[in-house]
Structure formats: structure tokens, C-alpha cells
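I opened this model today with a cup of tea and a short list of things to look up. Here are my notes, in the order I made them.

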Amino acid sequence: MMGLCTPAPTFPPGTDLTGKSILITGAASGLGYQSAASLLSHDLPPAVIFLTARTLAKATTAISSLPTPTQFTNPTKVVPLALDLTSFASIAALPASLAAHLSPSGALDILLLNAGIMAVPPGLTADGYEIQFGTNHMGHALLTKLLLPVLQRAPAPRIVVLSSAGHKAWPQGWGLKPDSMKTDAGDLSAYERYFRSKLANVLFAREMARRHPGVLTVSVHPGLVVTGIVGSETPWVMTAAIKVLGPLVMKSVEDGVRNQLWACVSDKVVSGEYYEPVGVAGKASKDGKDDGLAAELWEWTERELAAHGY
Ligand SMILES: NC(=O)c1ccc[n+]([C@@H]2O[C@H](COP(=O)([O-])OP(=O)(O)OC[C@H]3O[C@@H](n4cnc5c(N)ncnc54)[C@H](OP(=O)(O)O)[C@@H]3O)[C@@H](O)[C@H]2O)c1
């Protein structure tokens with residue numbers, strides 16, 4: 001029996017990542033960085049981790065502080081790549097940089113769509129989308145589209161999308177308010193804009209699973225985890241409370257990373273689901289289970305990407 005102080009294992013027993021390739025977005029800090037660190041330290045580690053960050057310099061600096069396990073004969077190769085999700089041009093440049101480092105089969109096994117922003121001031125991405133929706137959903141949707149051919153070369157490809165239980169706070173009955181997706185959506189609060197983007201993450205994974213059954217795709221909530229995600233539009237009382245009480249009542253990043261890593265490897269994962277920690281299904285909001293809304297978001301997104309030539 002597990003003692004009270006024994007930490008839960010990071011990976012399900014028997015997890016073997018030998019030969020696998022994994023790309024992580026937003027991996028220079030927080031849950032993305034910890035995902036890379038945990039994967040590297042696993043006793044059967046992957047062949048390659050593509051650690052992406054807004055700039056190559058940031059990705060390279062992050063890699064220099066990762067653990068360097070010495071016990072493996074074939075340690076993981078960690079490759080830094082630049083990826084700024086607010087810019088379609090940056091996203092479109094990634095597949096070519098990635099191809100240079102893929103194995104001869106040219107396959108990518110796991111795509112961990114982890115990057116995100118929360119409660120930042122109103123703004124637009126370089127391509128004109130509301131900044132939180134544009135970064136958290138549109139950027140990842142384009143990346144997925146462009147990486148689909150290399151994912152489909154893998155024997156059992158997976159996509160794991162970081163959502164949030166916060167998606168349930170998006171008011172039922174509002175739809176997705178597409179009219180404000182190409183504005184700074186200043187009529188919505190910073191948190192409402194975040195909740196919408198996280199609902200989009202749930203719906204994107206659900207519809208991706210339906211349209212591409214050969215690629216196992218899920219969304220996850222990590223729990224409330226102490227990271228740098230708290231944006232400047234957060235009310236000061238909440239910021240202060242998180243600062244003081246966060247380390248006592250919130251999860252450490254080592255614990256918070258467990259759900260997304262479970263989703264990357266477990267054979268219990270069901271495509272299209274949304275999981276709360278760890279591996280708990282069925283908890284998406286009513287909107288998050290709405291196939292009509294998922295299809296609407298997918299078609300809207302596809303039209304926008306096509307209009308930009310993707
Ligand atoms: N922490 C929580 O309690 C919690 C709860 C629910 C869901 N989540 C989700 O978990 C995911 C990871 O967040 P976290 O808590 O680890 O926060 P974090 O420490 O702030 O990490 C987010 C990462 O995303 C990157 N990022 C932001 N904008 C980007 C862009 N335009 N292009 C590329 N990368 C970008 C950040 O890079 P920069 O440093 O360059 O900005 C950072 O490395 C997010 O999707 C978040 O919504 C977190």
C-alpha cells in the first residue's frame with residue numbers, strides 16, 4: 001500500500017517511450033517545461049523531445065537547465081524550436097525546422113498543445129484574432145493542421161490539448177460569440193475571454209477526434225497549479241491570494257503535470273474526451289459536449305485558416 005508521503009507515480013506502470021518523438025508547445029516554463037523534465041527522467045525515455053518556445057533563444061536557454069540523466073545508453077535528444085502562437089508565419093515555419101530532426105520514418109508520435117495565456121489585457125494576434133482565443137486556440141489549430149501529415153506517419157499518434165476546468169465558467173447559451181473573435185472582445189472580461197478559449201480547446205479536441213479517428217485527441221485540465229499563468233488583468237485581491245495561499249492550496253508543477261502526461265501515454269485514454277486529474281472523464285460542461293458547437297468552431301476555424309492560405 002502506498003504510504004501517505006509517497007508521491008503518486010508520474011507515468012502509469014509499464015510506460016515505454018522508447019523511440020517516440022514528442023513536441024511540446026510553451027515548454028520554456030510551467031507545465032510545458034515540467035513535461036519535458038518528467039519525460040527526460042523517465043526510465044524508458046523518448047528518443048526526441050521538441051521543446052518549443054516563442055524564440056529559439058528562449059527554447060535553448062530552457063534546455064540548458066533541464067535535468068541531464070546519465071544512466072541511459074540512449075538518452076533523449078532535446079531539440080529547441082521557435083514557435084510563437086500569436087503569429088501564423090511563425091507557426092508555418094515550424095514544420096520545416098522539425099523535419100530536419102525527425103527520424104528516417106519522418107513521424108511525430110505525440111503533440112502536446114500546452115502553451116497558453118490567461119487574463120492578459122485586450123489585444124489581437126498578428127493575424128487579427130482576439131489574443132487569448134488566437135493564442136490558445138487558433139495558433140494550436142494551425143499547428144495541428146500543418147503537423148497532421150507527420151503525425152499520421154506514426155503508428156499510434158496522439159494530440160493532448162491543455163484546456164481548463166475554467167471552460168465551465170463560460171456562460172451556457174452564449175454560443176462562442178464568433179462576432180468578437182476577430183476583435184479584441186473588449187465587451188468581455190479578461191477571464192471570460194480565457195474561458196472561451198479553453199472551451200474552444202475542449203471542442204477542438206472533440207471534433208478533431210471525430211474527423212480524424214486515426215489520431216487519438218483529448219483535452220485535459222491540469223488542476224490549479226502554481227505557475228506563471230496568472231495574467232495582469234487578474235483582480236489584485238485574487239493575485240495576492242494566489243501569491244500567499246497558492247503554494248499551500250494549489251498543486252506543485254511536478255504534481256500538476258501528471259494529467260497531461262497520463263493523457264500522452266495511457267492506454268485507457270478515449271479519443272475526444274476531456275479529462276480532469278488524473279484520467280477522470282465525463283466532466284466537460286454541457287457546451288463542451290455539444291457536437292453542434294464543436295462542428296461550428298471547426299468550420300469557422302477552417303474558413304479562417306483557408307482565408308490565410310492554410
Ligand atoms: N496553472 C494552472 O493552474 C492551469 C489551470 C488550468 C489550465 N492551465 C493551462 O495549462 C497550460 C500551461 O500553462 P502554465 O500554467 O504552465 O502557465 P505558464 O507557466 O505561463 O506557461 C505557459 C507557456 O505558454 C507559453 N506561451 C504563451 N504565449 C505563447 C505564444 N504566443 N507562443 C508560444 N508560447 C506561448 C509561455 O511562454 P512565455 O513565457 O514566452 O509567455 C509559457 O511557456 C495553459 O494552456 C493553461 O491554460 C493551467
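**Entry 1: the ligand.** I started at the ligand, where one of its oxygen atoms is 3.2 Å from a polar backbone atom of G116. I keep in mind that this is a predicted model. Next I checked L31, and found a backbone N or O atom of L31 at 2.8 Å from an oxygen atom of the ligand. For Y194 I noted a polar side-chain atom, 2.7 Å from an oxygen atom of the ligand. How much of the ligand's accessible area does the protein cover? I read off 91% of the 890 Å² that the ligand has on its own. I then listed the surroundings: there are 28 residues around the ligand, and L31, R54, K58, Y194 and T227 come nearest.

**Entry 2: the sheet.** I wanted the strand order next. I found an open sheet of seven strands, ordered β3-β2-β1-β4-β5-β6-β7, with parallel pairing. Why do β3 and β7 count as edges? Each of them has a single partner strand, so one side of β3 (77–82) and one side of β7 (274–275) is left without a neighbour in the sheet.

**Entry 3: around β1.** I went to strand β1, residues 21–24. I saw S21 and L23 pointing one way and I22 and I24 the other way, with all of them buried. That fits what I expect, because side chains in a regular strand alternate between the two faces of the sheet. On one pairing I counted four bridges from β1 to β2 (residues 48–53), running parallel, and I24 has L51 as its bridge partner in β2. On another pairing I found three bridges from β1 to β4 (residues 110–113), also parallel, and here I22 is partnered by I110. I also traced the path from β1 through helix α1 (residues 30–41) to β2, and it makes a right-handed β-α-β unit. Moving on from β2, I noted six bridges to β3, again parallel, with A82 in β3 as the bridge partner of A53.

**Entry 4: around β6.** Are the residues of β6 buried or exposed? I found five of the five residues of β6 (residues 216–220) buried. L216, V218 and V220 point one way from the strand, while T217 and S219 point the other way. Five bridges join β5 to β6 in parallel, and I marked V161 and S219 as bridge partners. Two bridges join β6 to β7, also in parallel, and there S219 stands opposite Y274. I followed the connection as well: β5, α5 and β6 make a right-handed β-α-β unit.

**Entry 5: N201 and H137.** I picked N201 in helix α5. N201 counts as buried, because its relative accessibility is 2% and the cut-off is under 20%. Its side chain makes a polar contact with the side chain of K198, at 3.0 Å. Which residues further along the sequence does N201 touch? Leaving aside neighbours within four places, I listed N136, H137, V161, L162, S163 and S219. I noted that V161 and S219 also turned up in the previous entry as bridge partners. N136 is 65 residues from N201 in sequence, yet the C-alpha atoms are 7.5 Å apart.

From there I stepped over to H137, which sits in helix α4 (residues 131–151). H137 is buried as well, with a relative accessible area of 2%. Its contacts include N201, A200, F204, L297 and T301.

**Entry 6: backbone oddities.** Last, I looked for unusual backbone angles. Between β5 (158–162) and α5 (190–211) there is a loop that holds K177, and A185 is found in that loop too. K177 has a positive phi of about 50 degrees although it is not a glycine, and A185 has a positive phi near 50 degrees. Their exposure I noted separately: K177 is partly exposed at 30% relative accessible area, whereas A185 is buried at 1%. I also found a cis peptide bond joining P277 and V278, with omega about -25 degrees. V278 lies in the loop between β7 and α9 (291–307).

Conventions
Residues are numbered from 1 along each chain as its sequence is written. This is a predicted model: local features need pLDDT of at least 70, side-chain atom pairs count only at pLDDT 80 or more; totals for chains, interfaces and linings use all residues. Side-chain values use heavy atoms; hydrogens and water are left out. Buried means under 20% relative accessible area, exposed over 50%, partly exposed in between (1.4 Å probe, protein chains only). Two strands pair if DSSP finds at least two bridges between them. A crossover is right-handed if, with the strands pointing away from the viewer, the path from the first strand over the helix to the second runs clockwise. A residue is near a molecule or strand if one of its heavy atoms lies within 4 Å of it. A polar contact is a pair of N or O atoms within 3.5 Å; within protein, one must be able to donate a hydrogen and the other to accept it, and residues adjacent in sequence count only if both atoms are side-chain atoms. Accessible areas come from the Shrake-Rupley method with a 1.4 Å probe; for residues, only the protein chains shown count as cover. Contact means heavy atoms within 4.5 Å.
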